[in-house]
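Student: Hi! Could we go through this protein together, one question at a time?
Tutor: Gladly, let us look at it first.

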Amino acid sequence: MKKLKNILIMALLCAFFICVNTTYASDIFNFGNGKISGFITDYQIPENYTLVIPDKVDDEYVTAIANGAFKDNTNIVALDLSQTTHLQEIQFGAFTNCAISGTLVLPTSITNIVRTAFVSICANI
């Protein structure tokens, strides 16, 4: 019985720490009307950051990445759009002067990428 009690306590502690350390999209992104417009002001972007755009923020589908949303965020070295099933548009300068390199896979839902969305990083993609 004591062993079962210890296992239950450990499971509850693990569940607590997982919940406490979960980062939600609404905690790091400015978002409204389906559009991500960048990080919230006090979000500290870690070095060598992989930016993962979620399918939803606050139960609303992400349909666009706004003008200049992540401009000049040189800590962003990779971009993951694999979760976005409703993303339709990447707007002007959304990723200008980021350090993104490698392969960029776009979701099939994309209908418009403004020509300057990835200015000054295109050579790296």
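Student: Which residues form a negative surface patch?
Tutor: This is a predicted model, where local features need pLDDT of at least 70, side-chain atom pairs count only at pLDDT 80 or more, and totals for chains, interfaces and linings use all residues. Residues are numbered from 1 along each chain as its sequence is written, and side-chain values use heavy atoms, leaving out hydrogens and water. A patch takes residues with over 30% relative accessible area and no salt bridge (a side-chain nitrogen of Lys or Arg within 4 Å of a carboxyl oxygen of Asp or Glu), and like charges are joined within 9 Å. Here the negative patch consists of Asp27, Asp58, Asp59 and Glu60.

Student: Is Asp27 buried, partly exposed or exposed?
Tutor: Asp27 sits in helix 2, residues 25–28; a helix is a DSSP run (H or I) of at least four residues, and a strand (E) one of at least two. Buried means under 20% relative accessible area and exposed over 50%, with partly exposed in between (1.4 Å probe, protein chains only). Because its relative accessibility is 39%, Asp27 counts as partly exposed.

Student: In strand 3, which side chains point to one face and are buried?
Tutor: Side chains alternate along strand 3, residues 49–52. Thr50 and Val52 point to the other face and are not buried. That leaves the buried pair, Tyr49 and Leu51.

Student: Which residue in strand 7 stands opposite Tyr49?
Tutor: Two strands pair if DSSP finds at least two bridges between them. Strand 3 and strand 7 (residues 76–80) pair in the parallel sense over four bridges. Opposite Tyr49 stands Ile76.

Note on methods:
Patches are made of residues with over 30% relative accessible area and no salt bridge: like charges are joined within 9 Å, nonpolar side chains (Val, Leu, Ile, Met, Phe, Trp, Tyr) within 5 Å. Accessible areas come from the Shrake-Rupley method with a 1.4 Å probe; for residues, only the protein chains shown count as cover. Lys and Arg count as positive and Asp and Glu as negative; His and the chain ends are not counted. The place of a charge is taken as NZ of Lys, CZ of Arg, CG of Asp or CD of Glu.
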